[in-house]
Structures are given as C-alpha cells and as structure tokens.
Amino acid sequence: DSTVRITFDKNLRTNLRDSLDELFDEDLIPVLEEHFILEVKYNTSYPTWMKLIVNTLNIKQVSASKYCMCMDALPHVFRRDQWAKTVEFQSNLNKRA
C-alpha cells in the first residue's frame, strides 16, 4: 500500500546540545527504555489490515509526541507544571477579555 508508511522507534533518548557537532554524543537520557513506538502514517484512511494487526496483537493505540516525551525527560529545562500555570494564566486572561 503506497499510501501508508510504518516506522518503529526504539531507544528514544534525549539531551541538550550546544552545537550540531555534539549531536551524536553518547551522554543521552533514556526516554522509553522498555518500549518502542509503532508509528503509522497514512494519506487517506487508517488501513483495515493495520486495524486487524493492532487488534490481534493487542497493541495499545495512543497519540504520542516524541518531542514532548523528550522534553518531559529534561525537567531541569522544561517543567510541565510551569507550562500548565502559563496556559491557565493565559486562559484566565482570555476569559476577562
């Protein structure tokens, strides 16, 4: 099926880099050590044959952002609770307007 692309991501890791020269340094923080991500991208509709595979293997289907998972693994850089407070503040401002 040329309208479907399937990828498997494993060993998801993260860290901050000051330059591209450091991009492949090994001092990375593991994000998903015991799991892998099966990513299915499609142009028209989710293929029936993929639904059968997912159901047969009892694969948990969820939406996930690899970027967000990696940011969550760097609490010294990004604090979700601070982001939530910012969003709540903005929401309250919008209610007043």
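Among contacts in the protein between residues at least 6 apart in sequence, 61% join residues at least 24 apart. The model is a predicted one. Its secondary structure consists of three helices and two strands. Along the sequence these elements follow the order β-β-α-α-α. Of the 97 residues, 13% count as buried. The accessible surface comes to about 8400 Å². Carbon and sulfur atoms account for 54% of that surface.

The largest nonpolar core has five residues. Its members are V4, V40, Y46, M50 and V54. One of them, M50, touches I6, L38 and V40, with residues up to four places away in sequence not counted. V40 is thus named twice, as a member of the core and as a contact of M50. Another member, Y46, has a relative accessibility of 17%. Y46 counts as buried because this value is under the 20% limit.

Aromatic pairing was examined next. A search of the whole structure finds two aromatic pairs. The first to be described is formed by F8 and F36. The ring centres are 5.8 Å apart, and the planes make an angle of 50°. This pair is classed as tilted. F8 lies in strand 1 and F36 in strand 2, which spans residues 29-42, so the pair ties together parts that are 28 residues apart in sequence. Both F8 and F36 are exposed. The rings of Y42 and Y46 form an edge-to-face pair, because their planes stand at 65° and the cut-off for this class is over 60 degrees. The centres of the Y42 and Y46 rings are 5.6 Å apart. Y42 is partly exposed, at 39% relative accessibility. Y46, in contrast, is buried at 17%.

The surroundings of F36 were then considered. F36 is found in strand 2. F36 has a relative accessibility of 53% and counts as exposed, because the limit for that class is over 50%. With neighbours within four places in sequence left aside, F36 is in contact with F8, D9 and K10. The contact with F8 accompanies the tilted ring pair of F8 and F36. L12 is 24 residues from F36 along the chain. The C-alpha atoms of F36 and L12 are separated by 8.1 Å.

T14 also lies in strand 1. T14 is buried, at 9% relative accessibility. Leaving aside neighbours within four places in sequence, its contacts are L28, I29, V31, C70, A73 and L74. Of these contacts, I29 falls within the span given for strand 2, residues 29-42. V31 is another contact of T14 within that span. C70 is a further contact of T14, and it belongs to helix 2, residues 66-72.

The cysteines were examined for disulfides. The structure holds zero disulfides. C68 takes part in none, and the nearest cysteine sulfur, that of C70, is 9.4 Å away. For a disulfide, the sulfur atoms must lie within 2.5 Å, so the 9.4 Å between C68 and C70 rules out a bond by this criterion. C70 is likewise in no disulfide, and its nearest cysteine sulfur is that of C68. The two residues fall into separate burial classes. C68 is partly exposed, with a relative accessible area of 38%. C70 is buried, with a relative accessible area of 12%.

Backbone geometry was considered last. Most residues other than glycine have a negative phi. N11 has a positive phi, near 60°. N11 is found in strand 1, residues 4-14. N11 is partly exposed, at 47% relative accessibility. N58 also has a positive phi, near 55°. N58 lies in the loop between helix 1 (48-56) and helix 2 (66-72). N58 is exposed, with a relative accessible area of 68%. Neither N11 nor N58 is a glycine.

Note on methods:
Residues numbered from 1 in each chain as written. Predicted model: local features only at pLDDT ≥ 70, side-chain atom pairs only at ≥ 80, totals over all residues. Heavy atoms only, no water. Helix = DSSP H or I, 4+ residues; strand = E, 2+ residues; numbered from the N terminus. Buried < 20%, exposed > 50% of the residue type's maximum accessible area, 1.4 Å probe, protein only. Contact = heavy atoms within 4.5 Å. Areas by Shrake-Rupley, 256 points an atom, 1.4 Å probe, with all protein chains shown as cover. Phe/Tyr/Trp six-rings, centres within 6.5 Å; stacked < 30°, edge-to-face > 60°. Core = buried A, V, L, I, M, F, W, Y, C linked by side-chain atoms within 4.5 Å.
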